[in-house]
Amino acid sequence: MSSISNVFANELALLLFNNTDIANVGDVAGLQNSASAGSLYLALHTADPGDAGTATTSEAAYGSYARVGVARSGAGWTVSSRNVTNAADIVFPTRSDVGTEVLTHWAIVKETSGASIILFKGSLSDSLSVTLNIAPRITAGSLDVNF
């Protein structure tokens with residue numbers, strides 16, 4: 001059985017979440033960052049979207065819901081020792097319609113809308129009951145992605 005080294009796993013996390021080069025892979029230039037770092041997007045779900053699901057699988061659907069972009073930088077993500085967390089609070093749009101939607105899971109995806117592939121997913125530490133005029137908030141450091 002093979003495994004990835006701690007150092008390389010952390011370098012991959014830094015490339016994906018902080019847009020940081022990995023030197024000396026292939027040649028001295030290595031694996032390069034994106035010319036424009038852009039964002040990854042956080043989606044909320046009413047159930048686990050599963051390993052074969054997409055971003056739209058059980059995705060939140062309350063009035064005004066939208067995925068939230070998180071910059072691929074140290075301002076958006078903290079990477080340390082094969083672990084990635086959100087560096088700041090992530091606040092979703094305020095619910096604009098009547099009703100209750102219970103959110104239980106999150107996913108990090110590549111696109112702002114549509115059936116984007118899920119890069120990482122997990123359970124919320126506590127479910128969020130979203131009603132009229134509530135804006136779901138994921139507090140800094142509460143997402144946990146392990147490499």
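In the predicted model, Glu59 is buried, with a relative accessible area of 16%; buried denotes under 20% relative accessible area, exposed over 50%, and partly exposed in between (1.4 Å probe, protein chains only). Residues are numbered from 1 along each chain as its sequence is written, and side-chain values use heavy atoms, with hydrogens and water left out. Because the model is predicted, local features need pLDDT of at least 70 and side-chain atom pairs count only at pLDDT 80 or more, whereas totals for chains, interfaces and linings use all residues.

Glu59 lies in the loop between strand 1 (39-45) and strand 2 (68-71); helices (H or I, at least four residues) and strands (E, at least two) are DSSP runs numbered from the N terminus. Residues up to four places away in sequence aside, Glu59 touches Ala43, Leu44, His45, Tyr65 and Arg67, contact being heavy atoms within 4.5 Å.

The two strands that flank this loop, strand 1 and strand 2, pair in the antiparallel sense over 4 bridges, pairing requiring at least two DSSP bridges between two strands. Leu42 stands opposite Val68 in strand 2. Side chains alternate along strand 2: Val68 and Val70 point to one face and are buried, while Gly69 and Ala71 point to the other and are not.

The largest nonpolar core (buried Ala, Val, Leu, Ile, Met, Phe, Trp, Tyr and Cys residues joined through side-chain atoms within 4.5 Å) has 25 residues, and Phe17, Leu44, Phe92, Trp106 and Ile108 have the most contacts inside it. Strand 1 provides the largest share of this core, 4 residues. Neighbours within four places in sequence aside, the contacts of Ile108 include Phe17, Leu40, Leu42 and Trp77.
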